[in-house]
Amino acid sequence: METVDDDSYSLSDLISEIRSMKQEISDLKSRVTLLEEDLNSARKRLRKSNLDDPIEDAPTGIKNKSNSRKYKDICDFCHPLRCQTCEKRVSMIPSVISLLVESDFIGVKELGMLSCTSKLFHKFICSDSDDDIWFYLLQRNWPSTMIIPQEIRRGLPNRLWLHRMITSKCPTTVCGNEEDSHPYMQVLTQTLQECRQKIRRTLYTLEGNNGRFPPLPDPTLRANDLLVLMDMHNHDGKVIACAAVHDVEGISKFLKTSSLSFSKVIASPVEMKVGNFAHFFWPRAHLVTGKIHLVRLTDYNIICLHRIKKPTFDDAYCDDSFHEFDLEANEISLNAALLLNDSIVGNIPTAITSRIGNDSDVFQGICLRTGAIQISLPRSPYHFGYEHTVSRYMEYLNSDEDQGSKLDYDEFRCRLWDVDESNPELSVYHQQAKEIESINGKYFGTIEKQSEYVVNVAINFSDGTTSKDIDLCGGTEETSGVTFLHVLDELFWINSKQNLMGREAEVR
């Protein structure tokens, strides 16, 4: 996936892409026509061959007309040698499948079904097309894998990369769809707490019931064994941002501070809409999804550390500076913030996480808190008409209108701009924004390549009505010697065992 800047995507590029797509469609239609002609020719030859051969009489006593004739075991079509028509047809299979995939006509599911139809398709799809079809699908769906060093990505075939990224999950995680007050969630919480207490009692017993846990071995995981990938998708499945952290310095900071910063975010433009009050918003922002993956490079074991989603149905609007009327036009904010969700993973107690906290603490899981996604916006119609709006507001304050209950600036602005854009008083500003800021009548915002998209990790507990976080890197007594590396090491170990059990079940 390539970085798309505001000025790099022109009308001529779009026209060129459309022409290229039309040419590909025309070539595909020509190939289909050729196949149909070959098929009709083959049918004529087969029909003529059947007419020339004598038909044996049906055995006596059989009245079913469908069994009144016998068929030859082998026809003359492509026997004993393959004809040129079939040779041409077979040679077209790779290009046709690749074209269908690249045009998004078929996807992973259809490829899987197609590979089961014949040995030829199975060999081509599962073995011969790794650098073609599967590379395209991996790049399209998980572009973060394209910005890591080639020697790392080549450690796993593209098809397996795609499979492990799609099917990744965080082990030791169980969630309910109900609220915390729902009886199901209350029973689940109580069951998990009893499990944690049982593990702690067992650990105490191993150390002689002296109130201490057995010593922990050093984790086998190292900073140079880890890779962090992030991919975000819009409501239509298109990737809007991706990032990767693979340098030892960045990973070491993550392990020491439990805070991960994505310093290089590759982003695509996001279409924005003009709202009722002539400022921009991001429609369907609540449908933004994504994943943050952790990859153990020693065996390319992949776990999903965080599922990204927008927590509410609110759209992303620009910030509150447009509510003020004592600014210069160039001081109006051109930024929006999309707040993403926090998440809890790994909430099933294990031998490692059960050591953390006190006996009475109710373990909630590993909590991940994310920062906001910052979006740079184009100038809106309100931006162009800001000075006019302020002037009208000052006239309103000095007038006799609404005496005793004057509107504040924000209320007046909403009343002024909450009209159709064909309003002669404001249409000039709508036209200015469309001519200067739009591309073919559409407005686009850009996710900033900021250095501070941060994910913070902590162990979360609750005590009835209150909750607390324990920092794994704080060195407190409550951690009982458990480090962030210990937790990740155990998650990868459990995930590898679960994957092994899944493969054995598939074999059986």
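# Briefing: salt bridges, strands and cores

D104 has a relative accessible area of 44%, and therefore counts as partly exposed, because this value falls between the 20% under which a residue is buried and the 50% over which a residue is exposed. The model discussed here is predicted. D104 takes part in a salt bridge with R140, and the structure holds nine salt bridges. The points below begin with these charged pairs, and then turn to the strands, the nonpolar residues and the backbone.

**Salt bridges**

- The side chains of D104 and R140 meet at 3.2 Å, taken from N to O, and R140, with a relative accessible area of 34%, is partly exposed.
- This pair links distant parts of the chain, since D104 lies in the loop between α3 (93-102) and α4 (108-115), whereas R140 lies in helix α6 (residues 130-141), and the two are 36 residues apart.
- Another salt bridge joins the side chains of K273 and E271, with an N to O distance of 3.3 Å; K273 is partly exposed at 39% relative accessible area, and E271 is partly exposed at 28%.
- D410 and R413 also form a salt bridge through their side chains, at 2.8 Å from N to O, and because they are three residues apart in helix α13 (residues 409-417), about one helical turn separates them.
- In this pair D410 is partly exposed, with a relative accessible area of 22%, while R413 is buried, with a relative accessible area of 1%.

**The open sheet of five strands**

- An open sheet is built from five strands in the order β4-β2-β1-β7-β8, and the pairing is antiparallel.
- The edges of this sheet are β4 (265-267) and β8, and because each of them has a single partner strand, one side of each is left without a neighbour in the sheet.
- On average, neighbouring strands of this sheet are turned by 15° against each other, when direction is ignored.
- Strand β7 (residues 289-296) pairs with β8 in the antiparallel sense over eight bridges; within this pairing K291 stands opposite R307 of β8, and I292 stands opposite H306 of β8.
- The hairpin of β7 and β8 has four residues between the strands, and Y300 in this hairpin takes a positive phi near 55°.
- Is strand β8 (residues 301-309) mostly covered or mostly uncovered? Although β8 stands at an edge of the sheet, strand β8 is mostly covered, with seven of its nine residues buried.

**Pairings of β10, β13 and β14**

- Strand β10 (residues 335-339) and strand β13 (residues 372-376) pair in the antiparallel sense over five bridges, and A337 stands opposite Q374 in β13.
- Strand β13 is also joined to strand β14 (residues 443-447), by two bridges and in the antiparallel sense, with T446 in β14 as the bridge partner of S376.

**Nonpolar cores and a surface patch**

- In soluble globular proteins, nonpolar side chains tend to be buried together.
- Which residues touch the most other members of the largest nonpolar core? Among the 70 residues of this core, these are F262 and W282.
- Helix α15 (residues 484-507) supplies the largest share of this core, with six residues.
- A second core of 27 residues is separate from this one, and includes I148, L156, L227 and Y300; Y300 is thus a core residue as well as the hairpin residue with a positive phi.
- At the surface, F325, M394 and L397 form a nonpolar patch, and together they have about 230 Å² of accessible area.
- L397 of this patch lies in helix α12 (residues 386-397), and because its relative accessibility is 32%, L397 counts as partly exposed.

**Positive phi values in two loops**

- T172 has a phi near 60°, which is a positive value in a residue other than glycine, and the place of T172 is in the loop between α8 (158-166) and α9 (183-206).
- N440, with a phi near 55°, likewise takes a positive value in a residue other than glycine, and N440 is placed in the loop between α14 (424-437) and β14.
- How buried or exposed are T172 and N440? T172 is buried, with a relative accessible area of 11%, whereas N440 is exposed, with a relative accessible area of 51%.

Note on methods:
Residues are numbered from 1 along each chain as its sequence is written. This is a predicted model: local features need pLDDT of at least 70, side-chain atom pairs count only at pLDDT 80 or more; totals for chains, interfaces and linings use all residues. Side-chain values use heavy atoms; hydrogens and water are left out. A nonpolar core is a set of buried Ala, Val, Leu, Ile, Met, Phe, Trp, Tyr and Cys residues joined through side-chain atoms within 4.5 Å. Buried means under 20% relative accessible area, exposed over 50%, partly exposed in between (1.4 Å probe, protein chains only). Two strands pair if DSSP finds at least two bridges between them. Patches are made of residues with over 30% relative accessible area and no salt bridge: like charges are joined within 9 Å, nonpolar side chains (Val, Leu, Ile, Met, Phe, Trp, Tyr) within 5 Å. Accessible areas come from the Shrake-Rupley method with a 1.4 Å probe; for residues, only the protein chains shown count as cover. A salt bridge is a side-chain nitrogen of Lys or Arg within 4 Å of a carboxyl oxygen of Asp or Glu. Axes are lines fitted to C-alpha atoms, for helices over the stretch in contact, and angles run from 0 to 180 degrees between N-to-C directions.
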